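Biologist: Please take a close look at one part of this model, the helix packing, and explain it step by step for a first-year student.

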Amino acid sequence: MKRLMKAAVATTAILAAAAFTAPHLLAQDSLYVPNLSYRTGPFAATGTPLMNGQKDYMTLLNERDGGINGVRIDYDECETGYNTERGMECYEATRANAVVTQPWSTGITLQVLPRTNVDQIPVLAPGYGFSPMADGRTFKWAFNPPSSYWDGASMLLNFVADGDLSSLEGKKIALLHLDAPYGREPIPLLEDYAREYGFTLLPIPVAVTEMQNQSAQWLQIRRESPDFVFMWGWGAMNAGAITEAVRTRYPMDQFFGIWWSGHDGDLAQAGEAASGYRAVSWNVPVPDAPIMGEIREHVIDAGLSSIGENEIDWVFYQRGITMSMMLAEAIRTAQEEFDETVVSPEQVRWGLENLDISEERLEELGMSGMIVPFQTSCANHTGHGGGWIIEWNGERFERVSDHLQADRDRITPLEEAEAAKYAEANAPWPMNDECEL
Amino acid sequence: MDLLGRIFVKPFQDMAAAPDFLIQVVWEGLVSGTLYALIALGFVLIYKSSRIFNFAQGIMVVFAALTLVGLHQMGVPALLALPMTLVVMFFLAVAIERLVLRPLVNQPDIILFMATIGITLFLIGFGETIFGGETKRMITRELYIPAGSTIFEPFGGFVAIEHLDLTALVAAILLVTSLLVFLNKTRIGRAIRALGDDHQAALSVGISLSMIWVVVWFIAGIIALVTGIAWGARAGVSFALEIIALKALPVLLLGGLESVAGAIIGGLAIGVLEKLFEIYWGQPLMGGGTETWFAFVFALIVLLFRPQGLFGERIIERV
């Protein structure tokens, strides 16, 4: 009798555990899409609106359309606090059923990268990560559309040089960067440009502990009087730099940021005083885009969003939306190609490799003008869609340039060389020989 | 030979060539140092009275600043939000004493230290739930803290003194002076010092441990609020402010964990020296970024000669 009781208790426990297990482990008609997010810690202020945008777009698809082609998206966040170790723990915890992983920091991306060939889960790192990931022959499983950091650096240089890079000769450009893999990412390309065009590159690192107190860095900028300051900042560093620039009276029209340094929440700290600050960005907010109305109706008004007040037209919130759109389009592309609704990670990888985010498709999605059009391929995992310059007018960012493109002739050989170097350092590294040049 | 010149000659030539810039560097160092000293002071007060290394001091800075800004966002006038924040910090001190410290009396120091890590994690989660994680603007204008700057033009150059920094400096001086008067001239202050000197003896003469703990945690909360306003005014109020508590560690190593004077002098010394080193040696010779380690190396060198820190008490134990 006792044995019978024990068996009954054990069976009940197992059934109860199964019932409480995360739905993504049981559901057959959903696609598990984890996001290694950070809504806490020193980078939460910049992470939160992006995650809100990502989550809200997936919620919209589930609420409005019942998912993608009838398959619901099981969007799940694992909190990393932008910490690489915790990011890897999250990766391990979520990879078993994931059709994609979104590592959300260059540091975590660099850690995940060597695992991709073994785990066979595509890595989606829109606008971040290791720039040579563009080389699909080397990085079969990694994607960083629509523009890489090197694309961003090239667009900024071309913009400040007004298209004539030789005009930079004798000039000085300071690179104020977070002292982390992300912040150091553009240095090799900018050094290459500096050698070729005879300008001085002055990298100025900002440690995480100094993000809120950059007086030393801005004293250096005052002493060196660079012609331009480029910022590769993140989290509290952006607001800290903008405030110090205002205090130092550095001309705002000579101060430019990469897309992660163009956040409304950061600029609002300085408000009117930061007017004229510009950043390169592959997305711009379009308040009256049809998709925003849909999100308002199906997600925000339904109480399913965590968005803060007045944040719907922020660059970062709408960027989050475009990021999830890229993933949703990859899933849709894969479903159509393989004629299956519940697609595998390998099939989603194919979808990411065959993304065609054209003007027409953006129009259909109700997202015209929100993101640069781009197209990926087997060899090109970035798409190199280019970007726009956006300017802070004291209250919000506005688009102030035509569509810019990076200097691909210069970047491609460098990407190939760095990708080859990476493959050699991680030998034996499998190459994707199916890709054609 | 060239390297020796760049280490021992060039920096001083640069200082002499642009004395206005040197003044600006020293001023910025003083401002940073004042803020480091304030954070260190929070650690010292709690350690002095309870032998607890308060890991939560950094998050208390964030929590105090967030409460102030959050109350204002909820429609409370700034000048009312300030005393209301103090009330919140008082109740936080009471809650910490009742719920965390009192049940752990007589436990080893490491247990109490771990408890402060628990307080940190709780305040992070609680703060984010109540106020959200986004960066908030410090309400300096609403608190009538003067903005703008005064420009001096010594030696043909210019030195800019931000009014905000000047206010932070004056507030810090007033706070420290009041604290010293409180510690030396009042009964409670003397009781805090007595507890710092000898717990058992202080308890035997009827000093209430729980009351003193509430008082010191509340004072640490006041210091956290002043620090939060000053730092928050520089780059907004966000959870990143918590990181600045790390800057207090070398100050504590240098000044000693039990010395109020040590925290102040240590903070100022590290603030000025790390700025001078970064500008005249770090950036030209090492590409910058020396502020992350300079203070620790400097404190380490001092500890080689004075293991108890500049102002710490030398502990002699009989075996």
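Modeller: Angles under 35 degrees between helix axes count as roughly parallel, over 145 as roughly antiparallel, 65 to 115 as roughly perpendicular and the rest as oblique. In this predicted model, helix 5 (residues 78-101) of chain B packs against helix 10 of chain B at an angle of about 140°, and the two axes are 8 Å apart. Helix 5 of chain B and helix 10 of chain B are therefore oblique to each other. Their crossing is right-handed. On the side of helix 5 of chain B, the residues that meet helix 10 of chain B include B:Leu86, B:Phe90, B:Ala93 and B:Glu97; among their partners in helix 10 of chain B are B:Trp213, B:Trp217, B:Phe218 and B:Gly221. By class, this contact has 14 nonpolar, 3 polar and 1 charged residues.

A further helix pair joins the two chains. The axes of helix 10 (residues 215-224) of chain A and helix 12 of chain B come within 10 Å and cross at roughly 50°, so these helices are also oblique to each other. The crossing of this pair is right-handed. A:Ala216, A:Leu219 and A:Gln220 make the contact from chain A, with B:Lys275, B:Glu278, B:Ile279 and B:Gln283 from chain B. The residues of this contact divide into 3 nonpolar, 2 polar and 2 charged.

As for the wider setting, 34 residues of chain B are in contact with 34 residues of chain A. Helix 3 of chain B gives the most to the side of chain B that touches chain A, with 5 residues. That side of chain B consists of 12 nonpolar, 12 polar and 10 charged residues.

Methods:
Residues numbered from 1 in each chain as written. Chains lettered and ligands numbered in written order. Predicted model: local features only at pLDDT ≥ 70, side-chain atom pairs only at ≥ 80, totals over all residues. Contact = placed C-beta atoms within 7 Å. Helix = DSSP H or I, 4+ residues; strand = E, 2+ residues; numbered from the N terminus. Nonpolar A, V, L, I, M, F, W, Y, C, P; charged D, E, K, R; others polar. Axes fitted to C-alpha atoms, helices over the stretch in contact; angles between N-to-C directions. Left-handed = near helix turned anticlockwise from the far one by under 90°.
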